[in-house]
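Got a minute for a quick tour before you load this one into your viewer? Have a look at the chain first, then read the notes.

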Amino acid sequence: MDYVGIALVALGTCGLVLALEWGGTEYAWSSATILGLIAASLVLLAAFVFVETRAKEPMLPMGLFRSPVFLVCSVLSFIVGFAMLGAMTYLPTYLQYVDGVSATASGVRTLPMVVGLLGTSILSGTVVSRTGRYKRCSPSPARLSWRSPCS
């Protein structure tokens, strides 16, 4: 186990989350606390990459990022996860505060999005597992049409 790598990534991400949570509310963005948290987090995350390149059993082997398939999948997963998490957390709050609906009603109003995400995830997973082709299912402007999944 790579305990040093685990500790470095945990401390680095915790500091970054604290800086982003406290920035602008508890402390000014230009305060020493926020800038120090951001700087310390960047140093810890850089140390994580350094340690992972030299560990015998790394938690995240850096050699994986040399594979274009892994790199593209990681970037797309980050983008999709960021968008889905943002939509699923922001939309109910928006509906409650701007439209003035209850928490239950905002949850009901987001059901079509959740059902759509579930359905398209199942459909694209089925298409990829049957055809073995994943590149055709990646989003691009030319493929965002009504023809068929992964057209």
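What follows is a short briefing, grouped by topic.

Keep in mind that this is a predicted model. The chain has 5 helices and 0 strands, so going by the DSSP runs the order from the N terminus is simply α-α-α-α-α. Of its 151 residues, 15% are buried.

**Confidence**

- The average pLDDT of the chain is 85, and 88% of the residues reach at least 70.
- Ranked by mean pLDDT, helix H2 comes out highest among the elements at 95, while helix H5 (residues 111-131) is lowest at 86.
- Residues 140-151 are where you'd want to be careful: the pLDDT there is below 50. Beyond near neighbours in sequence, that stretch makes 12 contacts in the model.

**Overall fold and surface**

- Take the contacts with a separation of 6 or more: 40% of them join residues 24 or more positions apart.
- About 11000 Å² of the chain is exposed, and 71% of that comes from carbon and sulfur atoms.
- For one long-range pairing, look at Ala 46 and Val 9: they sit 37 residues apart along the chain, with 9.2 Å between their C-alpha atoms.
- Ala 46 belongs to helix H2 (residues 32-54). Its relative accessibility is 46%, so Ala 46 counts as partly exposed.

**A nonpolar patch**

- Nine names to highlight in the viewer are Leu 64, Phe 65, Leu 71, Val 72, Val 75, Leu 76, Phe 78, Ile 79 and Phe 82, which form a nonpolar patch on the surface. Together they offer about 830 Å² of accessible area.
- One of the patch members, Phe 82, lies in helix H3 (residues 68-97). Is Phe 82 buried or exposed? Phe 82 counts as exposed because its relative accessibility is 62%, and the cut-off for that label is over 50%.
- Phe 65, another patch member, has a relative accessible area of 32%, so it's partly exposed.

**Aromatic pairs**

- How many aromatic pairs turn up in a search of the whole structure? The search finds 4.
- Among them is the edge-to-face pair of Phe 65 and Phe 70, with 5.2 Å centre to centre and 75° between the planes. Phe 70 is partly exposed because its relative accessible area is 26%.
- Tyr 90 and Tyr 94 make a tilted pair, at 6.0 Å centre to centre and 35° between the planes.
- These two tyrosines, Tyr 90 and Tyr 94, are 4 residues apart in helix H3, so about one helical turn separates them.
- Tyr 90 counts as exposed, at 54% relative accessibility, whereas Tyr 94 is partly exposed with a relative accessible area of 35%.

**The salt bridge**

- Side chains of opposite charge can pair when their charged atoms come close.
- The count here is 1 salt bridge. Which side chains meet in it? They are those of Arg 109 and Asp 99, at 3.5 Å from N to O.
- Arg 109 is in helix H4 (residues 103-109), and Asp 99 is in the loop between H3 and H4. The two residues are 10 residues apart, and the pair links distant parts of the chain.
- Both partners carry the partly exposed label: Arg 109 has a relative accessible area of 47%, and Asp 99 comes in at 42% relative accessibility.

Notes
Residues are numbered from 1 along each chain as its sequence is written. This is a predicted model: local features need pLDDT of at least 70, side-chain atom pairs count only at pLDDT 80 or more; totals for chains, interfaces and linings use all residues. Side-chain values use heavy atoms; hydrogens and water are left out. Buried means under 20% relative accessible area, exposed over 50%, partly exposed in between (1.4 Å probe, protein chains only). Contact means heavy atoms within 4.5 Å. Accessible areas come from the Shrake-Rupley method with a 1.4 Å probe; for residues, only the protein chains shown count as cover. Patches are made of residues with over 30% relative accessible area and no salt bridge: like charges are joined within 9 Å, nonpolar side chains (Val, Leu, Ile, Met, Phe, Trp, Tyr) within 5 Å. A salt bridge is a side-chain nitrogen of Lys or Arg within 4 Å of a carboxyl oxygen of Asp or Glu. Rings of Phe, Tyr and Trp (its six-membered ring) pair if their centres lie within 6.5 Å; planes under 30 degrees apart count as stacked, over 60 as edge-to-face and the rest as tilted. pLDDT is the predictor's confidence in each residue, from 0 to 100.
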